[in-house]
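Colleague: Could you take me through the ligand site up close, and then show me how the rest of the chain is laid out around it? Feel free to be informal.

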Amino acid sequence: MANDVREIIIIGGGPAGYTAALYAARANLEPLVIEGFSWGGQLMITSDVENYPGYPDGILGPEMMQDFRRQAERFGAEYVTDDVTRVDFSERPFRVYVGDDEYRAESVVVATGATARQLGLESERRLQGRGVTYCAVCDAAFWRERDVAVVGGGDSAMEEALFLTKFASKVTVIHRRDEFRASPIMLDRARASEKIELVMNAVVDEVLGGDRMEGLRLRSTVTDETRELPVDAVFVAIGHDPSTGLFLDQLDHDDAGYLVTQAESTETNVPGVFAVGDVVDHTYRQAITAAGSGCMGALDAERFLASSHGHPGSALTAPRPEAAEV
Ligand code: NAP
């Protein structure tokens, strides 16, 4: 295995990784995708996806990921269904390890995504996709004229709550302290909405419900008293963590751990290593934007490989010509 140097290894099996794999496979780069033991990414804990173009009737998140995976496989992408444990980007070929197995490649696309922080309750996990959700843009429309809750006190929580007011009849924001982390402007907007109620000094003790969510049990952090809040859905908005722990000592990143790429490119500070999808994206975090970014990463890798092998690559990916001298 160690003697076999690939053109490209893609790390991560979500919309970004599989799209990178599709483009790389169709460019005859025979990608190896180390997709993770729990492949599929955040869409695996989503139910219906209605905002991905091309699925007019919607599709279940896990089914969509299977389709993505199968589409890249059709063109020759190979998969290792396991977690990368270590990488060495100090020289080419780059080395990627899964336990004791070493994989080498001339280019690497990092597409390991991000995870929404969870409350850590068993009942939260059980009702994911059945009332418990982590993305208002994705799921708000399912809760028209219903009462819903948002957990969190930062800008994300305010943004989710404001977005939800377009659909829900009432939005209760639950925050664990008596001071919000959100910026004053976001907080002012939330306070100005008649549909939003801010509940402070409270945490979620339990998500209530059997097959579907029926409410929350809240506990006061001041008195320790509990009460039930009947809501049909809860949007947990307590932050995201990029899955970049493996790369932090080798790739440039910001304070929150998101990888940093060159302007208008997916290239990291290591030529030949590209980063795509939610590992670089604080802002949009959508399947469609991750997929677009994955496409860009594969095209950038193809261009890089073409220029380093001294052949022109495809018309799209030919090395950019030097600026003409005048
Ligand atoms: P954040 O600023 O880290 O806020 C997370 C919030 O969740 C905090 O209020 C925190 O409470 C709470 N929290 C964390 N863990 C919790 C737990 N286990 N149980 C209950 N509550 C918990 O994250 P964010 O809101 O996602 O924002 C991330 C960054 O993106 C920020 O820089 C933000 O300004 C930016 N952002 C900007 C916009 C915008 O400008 N439109 C929109 C979204 C995000 P504590 O306050 O007690 O720690």
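**The ligand site and its surroundings**

Modeller: Sure, let's begin at the ligand, which has 15 residues around it, the closest being Asp155, Ser156, Arg176, Arg177 and Arg181. Keep in mind that this is a predicted model.

Three of those residues are worth zooming in on. Serine 156 puts a polar side-chain atom 2.5 Å from an oxygen atom of the ligand. Arginine 177 does something similar, with a polar side-chain atom 2.7 Å from a ligand oxygen, and for arginine 176 an N or O atom of the side chain is 2.9 Å from an oxygen atom of the ligand. As for cover, the ligand taken alone exposes 910 Å², and the protein buries 67% of that.

Now, which helix gives the most to this shell? That's α5, residues 155-164, with three residues. Sort the shell by class and you get six charged, six polar and three nonpolar residues.

Moving along the chain, you come to an open sheet of three strands, ordered β14-β15-β16 with antiparallel pairing. β14 (202-209) and β16 (226-229) are the edge strands, each with a single partner, so one side of each has no neighbour in the sheet. On average, neighbouring strands here are turned by 25 degrees against each other, ignoring direction. If you want to look at one pairing in detail, take β15 (residues 213-220) against β16: they run antiparallel over four bridges. There, leucine 218 has arginine 227 in β16 as its bridge partner.

A couple of backbone details deserve a look too. In general, most peptide bonds are trans, and most residues other than glycine have a negative phi. Against that background, arginine 92 and proline 93 are joined by a cis peptide bond, with omega about -5 degrees. Proline 93 sits in the loop between β6 (86-88) and β7 (94-98). Then there's glutamate 30, which is not a glycine but has a positive phi of about 45 degrees. You'll find glutamate 30 in the loop between α1 (15-26) and β2 (32-34).

Zooming out, the protein has seven helices and 19 strands. Its radius of gyration is 22 Å, close to the 20 Å that the globule rule gives for 326 residues, so the protein is as compact as a globular protein of that length. Along its principal axes, the C-alpha trace spans about 70 × 50 × 40 Å.

Terms used. Residues are numbered from 1 along each chain as its sequence is written. This is a predicted model: local features need pLDDT of at least 70, side-chain atom pairs count only at pLDDT 80 or more; totals for chains, interfaces and linings use all residues. Side-chain values use heavy atoms; hydrogens and water are left out. A residue is near a molecule or strand if one of its heavy atoms lies within 4 Å of it. A polar contact is a pair of N or O atoms within 3.5 Å; within protein, one must be able to donate a hydrogen and the other to accept it, and residues adjacent in sequence count only if both atoms are side-chain atoms. Accessible areas come from the Shrake-Rupley method with a 1.4 Å probe; for residues, only the protein chains shown count as cover. Helices (H or I, at least four residues) and strands (E, at least two) are DSSP runs, numbered from the N terminus. Ala, Val, Leu, Ile, Met, Phe, Trp, Tyr, Cys and Pro count as nonpolar, Asp, Glu, Lys and Arg as charged, and the others, Gly among them, as polar. Two strands pair if DSSP finds at least two bridges between them. Axes are lines fitted to C-alpha atoms, for helices over the stretch in contact, and angles run from 0 to 180 degrees between N-to-C directions. The radius of gyration is taken over C-alpha atoms; the globule rule is 2.2 Å times the number of residues to the power 0.38.
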